[in-house]
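Work through the exercises below with the sequence and the model open. Each task is followed by a solution in steps.

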Amino acid sequence: MSTNPNPPVPEHTPRAEGATLPVARVALKEREIVILGTAHISSRSVEDVREVIRTEQPDRVCIELDEARYNSLVQKQSWQNLNIIEVLRNKKGFLLLANLVLSSFQRRMGKDLGVSPGEEMLAAVKACEEQGIAFSLCDRDIQLTLRRAWSKSGFWGRNKLLASMLASVFTNEKLTPEEIEKLKTGTTFQSMLEELASYLPSIKEVLIDERDRYLATRIFKAEGKRLVAVVGAGHMEGIVRSLKSLEEGTLDPELASLEQVPPRRPLGRILPWLVPAAILALVVAGFFRSGWELSLAMLWKWVLVNGTLSALGALIALAHPVTIVAAFVGAPITSLNPTIGVGI
């Protein structure tokens, strides 16, 4: 088949009920890839997935899921067996927090619409199993993606990211099914991506641009002459462009660079030691300048204020008594280092 030098944009195939089906068809050499754009909390997307797989009858279906997210969707109560101590020991506390916040936000949005987050991806898996069609989980590991996003964000970018995550916990925003469907349109997503790029450019690069390339490469390498790819609508145009570039040989098909966490900057390695050293130096200087009695009184206030407020926060969160005591004891110590959070 001949290739078009201009990548096709997602087309909208008319449906019987007058709705539209967000599908992009990419013709490669002796292969055709049908890309279906979905919204993760859309009941219509669940129907679209089943319809496209049934009518297209592909050799393989590529799904925007990684192994970890697939397992979390299948084993909905797996969090009950989570070893928190192991998570913190492996320095994955932020990753756990980010996962919980993002999934909580999607779950609240989906609850109003009667749809579980990622239900359309599970529908793709079930449709393949029922029809005997091979499928591949083609997304990058979510933990790796979040680690890259955190690592590539500067100081202010990380603060913006944390602020946005915390704000999503308290949002009361609700969307109607019609508004969810509008999110699949190119113009709506484009404006959202532009806003994200201006506010958090590094996050947009990791969550959108890198994953467009990653997904496209995994789809491109998948076996079969006729493929269906089920992806979030926001990835459609980027995947189409990347597929064309892979076909033309202008995009590197190797993904090693996207599967590594960038090394910490020198300042990032020094700061966790520099800040507490400076605080301790001030404390020692205070003992020499103000005397032992006044300095010990101030140190006791430091312990009392930090420990009491942390213990109170744990109590309000209905924490275990041991956790409340640990919060009281740990807060004065971790307050010496702003890069450690006793709240975790």
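**Exercise 1. Overall make-up**

Task: State what share of the residues is buried, and how many helices and strands there are.

Solution. Buried residues make up 37% of the 344 residues in this protein, which is a predicted model. The chain forms 14 helices and 6 strands. For the surface, the accessible area comes to about 20,100 Å², and carbon and sulfur atoms account for 61% of that area. For the contacts, take those with a separation of 6 or more: 78% of them are between residues 24 or more positions apart.

**Exercise 2. The largest nonpolar core**

Task: Find the residues that touch the most other members of the largest nonpolar core, and the elements that supply this core.

Solution.
- Step 1. The core has 24 residues, and those touching the most other members are Val-49, Val-52, Ile-53, Val-61, Ile-63, Leu-65 and Val-230.
- Step 2. At least two residues each come from strands 2, 3, 4 and 6 and from helices 1, 2 and 5. Helix 5 gives the largest share, 7 residues.
- Step 3. Take Val-49 and set aside its neighbours within four places in sequence; its contacts are then Leu-36, Thr-38, Glu-120, Ala-123, Ala-124 and Val-230.
- Step 4. A separate second core holds 19 residues, among them Cys-62, Ala-222, Met-236 and Leu-243.

As background, nonpolar side chains tend to be buried together in soluble globular proteins.

**Exercise 3. Salt bridges of Arg-211**

Task: Arg-211 forms salt bridges with Glu-64 and with Asp-139. Decide whether these residues are buried or exposed, and which parts of the chain they join.

Solution.
- Step 1. The closest N and O atoms of Glu-64 and Arg-211 are 2.8 Å apart. Glu-64 is in the loop between strand 4 and helix 2, and Arg-211 is in helix 10 (residues 201–221), so this bridge ties together parts 147 residues apart in sequence.
- Step 2. The N to O distance between Asp-139 and Arg-211 is 2.7 Å. Asp-139 sits in the loop between strand 5 (134–137) and helix 6, 72 residues away from Arg-211.
- Step 3. The cut-off for buried is under 20% relative accessible area. Glu-64 is buried because its value is 3%; Asp-139 is buried because its value is 4%; Arg-211 is buried because its value is 11%.

**Exercise 4. A link between helix 6 and helix 10**

Task: Describe the salt bridge of Arg-148 with Glu-210, and the buried residues of helix 6.

Solution.
- Step 1. The two side chains meet at 2.8 Å, N to O. Arg-148 belongs to helix 6 and Glu-210 to helix 10, so the bridge ties together parts 62 residues apart in sequence.
- Step 2. Arg-148 is buried at 5% relative accessibility, and Glu-210 is buried at 7%.
- Step 3. Among the other buried residues of helix 6 (142–152) are Ile-142, Leu-144, Leu-146 and Ala-149.
- Step 4. At the start of helix 6, a side-chain oxygen of Asp-141 comes within 3.0 Å of the backbone nitrogen of Gln-143.

**Exercise 5. A nonpolar surface patch**

Task: Which residues make the nonpolar surface patch of about 490 Å²?

Solution. The patch consists of Val-283, Trp-292, Leu-296, Leu-299 and Trp-302. Helix 13 (residues 292–316) supplies the largest share, 4 residues. Trp-292 is in helix 13 and counts as exposed because its relative accessible area is 62%.

Methods. Residues are numbered from 1 along each chain as its sequence is written. This is a predicted model: local features need pLDDT of at least 70, side-chain atom pairs count only at pLDDT 80 or more; totals for chains, interfaces and linings use all residues. Side-chain values use heavy atoms; hydrogens and water are left out. Patches are made of residues with over 30% relative accessible area and no salt bridge: like charges are joined within 9 Å, nonpolar side chains (Val, Leu, Ile, Met, Phe, Trp, Tyr) within 5 Å. Accessible areas come from the Shrake-Rupley method with a 1.4 Å probe; for residues, only the protein chains shown count as cover. A salt bridge is a side-chain nitrogen of Lys or Arg within 4 Å of a carboxyl oxygen of Asp or Glu. Buried means under 20% relative accessible area, exposed over 50%, partly exposed in between (1.4 Å probe, protein chains only). A polar contact is a pair of N or O atoms within 3.5 Å; within protein, one must be able to donate a hydrogen and the other to accept it, and residues adjacent in sequence count only if both atoms are side-chain atoms. A nonpolar core is a set of buried Ala, Val, Leu, Ile, Met, Phe, Trp, Tyr and Cys residues joined through side-chain atoms within 4.5 Å. Contact means heavy atoms within 4.5 Å.
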